[in-house]
Amino acid sequence: GRASAADGSFAAAPISPRAAGGEPVEAAAGPPALASKVIEVAVAELRPDIEPLGASLRVLSATDDGEVVLFYSGPAALRPGIDVALRGSKLARIKKVTFHDAA
C-alpha cells in the first residue's frame, strides 16, 4: 500500500516551478515581468565586479525577446565587457543591450 508519514518511509516528489496551467516554467521564456526579474539577477551578478571601478547599472526595461535597456553610469571602457557578460549569461537569453547614460 501507500507509505505514510508515521512510518517515515515516504519520499517527496521533486518540486519544479509550474505556471498556473501546470506547465513547467522556464525563467527566460516567461512573460516580460519574469524576464525582467531574471535580467535583474544577471545584472546583480555583475555589480560586485563593476562598482569598485566606478560603474553602476540599473535595468530600465527588458523584453521577452531578449532586448535590455540599462541606465549606466561609469567608464565607457567597461560597456563592451558588460554587454558581453550579459549576452553570455546563463540566466537570461539576452540578445541586445542598450545603454542610457547618466546626464
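This passage describes the confidence, the nonpolar core and the ring contacts of a predicted model.

In this predicted model, local features need a pLDDT of at least 70 and side-chain atom pairs count only at pLDDT 80 or more, while totals for chains, interfaces and linings use all residues. Residues are numbered from 1 along each chain as its sequence is written, and side-chain values use heavy atoms, with hydrogens and water left out.

The protein chain has an average pLDDT (the predictor's confidence in each residue, from 0 to 100) of 76, and 66% of the residues score at least 70. The pLDDT is below 50 over residues 1-20, a stretch that has 12 contacts (heavy atoms within 4.5 Å) beyond near neighbours in sequence. Over residues 23-30 the pLDDT likewise stays under 50, and the model has 17 contacts beyond four places in sequence for them.

The largest nonpolar core (a set of buried Ala, Val, Leu, Ile, Met, Phe, Trp, Tyr and Cys residues joined through side-chain atoms within 4.5 Å) has 19 residues, and those with the most contacts inside it are Ile39, Leu57, Leu70, Ile82 and Leu86. At least two residues of this core are supplied by each of helix 1 (32-50), strand 1 (56-62), strand 2 (67-73), helix 2 and strand 3 (96-101), these elements being DSSP runs numbered from the N terminus (helices H or I, at least four residues; strands E, at least two). Helix 1 gives the largest share of the core, six residues.

Leu70, placed in strand 2, is buried, with a relative accessible area of 0%, where buried means under 20%, exposed over 50% and partly exposed in between (1.4 Å probe, protein chains only). Leaving aside neighbours within four places in sequence, the residues in contact with Leu70 include Val43, Leu57, Ile82, Leu86, Val97 and Phe99. The C-alpha atoms of Leu70 and Leu57 are 6.4 Å apart, although 13 residues separate the two in sequence.

In helix 2 (residues 79-87), the buried residues are Ile82, Asp83 and Leu86. They cover an arc of only 100° around the axis (taken from the directions from the helix axis to the C-beta atoms), which puts them on the same side of helix 2. The face turned away from this buried side carries the exposed residues Pro80 and Val84.

A search of the whole structure finds one aromatic pair (ring centres of Phe, Tyr or Trp, its six-membered ring, within 6.5 Å; planes under 30 degrees apart count as stacked, over 60 as edge-to-face and the rest as tilted). The rings of Tyr72 and Phe99 have centres 5.6 Å apart and planes at 75°, so the pair is edge-to-face. Tyr72 in strand 2 and Phe99 in strand 3 are 27 residues apart; Tyr72 is buried, with a relative accessible area of 0%, and Phe99 is buried at 17%.
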